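Welcome to a short set of exercises. Have a look at the chain below, and then work through each task before you read its solution.

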Amino acid sequence: TGHDTTVSCPVALSRVRTLSTAQARRIALAAQGFGRPRPPAPGARHLAAVAQRLAVVQVDSVNVLTRSHYLPFFSRLGPYDPAVLDRLRDGTGRRGRARAGRRLVEYWAHEAALVPLESWPLFGFRMERPRTRAWRESLEQQHPGLLEAVASLVTDHGPMTAREVEARMPHAAHRPSDHWGWNWSAVKTSLECLFEIGAITSAGRTAQFERLYATPERVLPPPVLGRAPGAPDAPGEQESVVELLRTAVRAHGIGSQRCLADYFRIRGPRVDRALAVLEERGEVERVRVQGWDRPVFLDPQARRPRRVEGAALLSPFDSLVWQRERVEALWDFRYRLEIYVPADRRVHGYYVLPFLLDELLVGRVDLKADRARGALVARAVHWEPGTDVAAAAPRLMTELESMAGWLGLERVELPPG
């Protein structure tokens, strides 16, 4: 979506297939794991399969409903035990080493996100990028020796939260209060810098959603460490970008260059080169989609269902709706996150979940989990023009009741009228 730069590989116009928007929608939904029957009792195997299919699940701290990374699994599988996902994410004791059950690790993949363990080394080029190096150099100049001291503390005592590290380094734990923003202490900033450059990684999260920092050697398995930055088998930048773009193609099923590049936030000529490599290998096919004025790339192995059935409420941070221009092109659905918009200027609400019904995005629901009252509160429901509300409303209610039960809430409250 948007204005994309075409790859240099010439393609004969007569060989480029044209797909309808409806076909492209179905391919996109199937690639993201929609349209399949939900299992009666989703377990670790089902959750791991969704994580592998999506390849990246965004993490966000907003908890008005539930932590956002839990929602994409609910949308595709229905009610499941979040503790099972926690074990896939953490997979290590509070002071232990990596366990065989761990499947996911956190890194800056799209935004802060969970990715499969084997993907972590592919971000080595990001760990060494100029912006990351500049951040490290600035910290070393402002706080000489602090990075090394923080790294040494985590090495000796991790996994540790930022608060635990700060408690051992009170001289560097002061938080500035003279400006808005995260107001990180120098210790927290050092931890995040070390995390970004791959010197430390995530051992998971606490019950309070605090990241646990640890050295890669403590919490990542040997096959992953063998490909970590600086290891003999570490992938180079071009190899990594090709693999990440290949993964993005599989996760999209179909998309423009901009769609694919945005999945892992990859920019510049490296995207053109990677798509050209994939096209030459036959791992991506250039096609047209009716109404799109840009090159589109298809996964030749993508499922092409004749219909997609099912209902799902989508997290605002669901990968299906990340790329807003793609959402408009496929569904004619303009979606914007209004969390940071002043209340009196919001159009649809604070934490608004698009409602997917079969193949269409037919509405949006502003949801809040009122845990004190045991209620899942729909503060507003907005239907898209042309929606058969009489048919769609009962299916939305079914999803809301299922979500309420999953969240341990007793009832659903709808807006008046």
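Two strands pair if DSSP finds at least two bridges between them. Keep in mind that the model you see is predicted.

**Exercise 1.** Work out how strands β3 and β4 are arranged, and how many bridges join them.

*Solution.*
Step 1: Find β3 at residues 104-108 and β4 at residues 112-116.
Step 2: Count the bridges. Five of them join β3 to β4, and the two strands run antiparallel. Pairing needs at least two bridges, so β3 and β4 count as a pair.
Step 3: Look across the pair, where tryptophan 108 stands opposite alanine 112 of β4.
Step 4: Check what links the strands. Three residues lie between β3 and β4, which form a hairpin.

**Exercise 2.** Is strand β3 largely enclosed by the rest of the structure or largely open?

*Solution.*
Step 1: Recall the cut-off: a residue is buried when its relative accessible area is under 20%.
Step 2: Apply it to the five residues of β3; four of them are buried.
Step 3: Conclude that β3 is largely enclosed by the rest of the structure, because four of its five residues are buried.

**Exercise 3.** Find what is unusual about the backbone at phenylalanine 209, aspartate 358 and the bond between glycine 158 and proline 159.

*Solution.*
Step 1: Start from the general rule: most residues other than glycine have a negative phi, and most peptide bonds are trans.
Step 2: Take phenylalanine 209, in the loop between β5 and β6. Its phi is positive, about 70°, although it is not a glycine. At 12% relative accessibility, phenylalanine 209 is buried.
Step 3: Go on to aspartate 358, in the loop between β11 and β12. This residue is not a glycine either, and its phi is positive at about 55°. With 26% relative accessibility, aspartate 358 is partly exposed.
Step 4: Turn to the peptide bond that joins glycine 158 and proline 159: it is cis, with omega about 5°. Proline 159 sits in the loop between α7 and α8.

**Exercise 4.** Which stretches of the chain have pLDDT under 50, and how many contacts beyond four places in sequence does the model give each?

*Solution.*
Step 1: Begin with the whole chain: the mean pLDDT is 91, and 91% of the residues reach 70 or more.
Step 2: Examine residues 1-13, where pLDDT stays under 50 and the model has 36 such contacts.
Step 3: Examine residues 177-182, where pLDDT also stays under 50 but the model has zero such contacts.

Note on methods:
Residues numbered from 1 in each chain as written. Predicted model: local features only at pLDDT ≥ 70, side-chain atom pairs only at ≥ 80, totals over all residues. Heavy atoms only, no water. Buried < 20%, exposed > 50% of the residue type's maximum accessible area, 1.4 Å probe, protein only. pLDDT = per-residue confidence, 0-100. Contact = heavy atoms within 4.5 Å.
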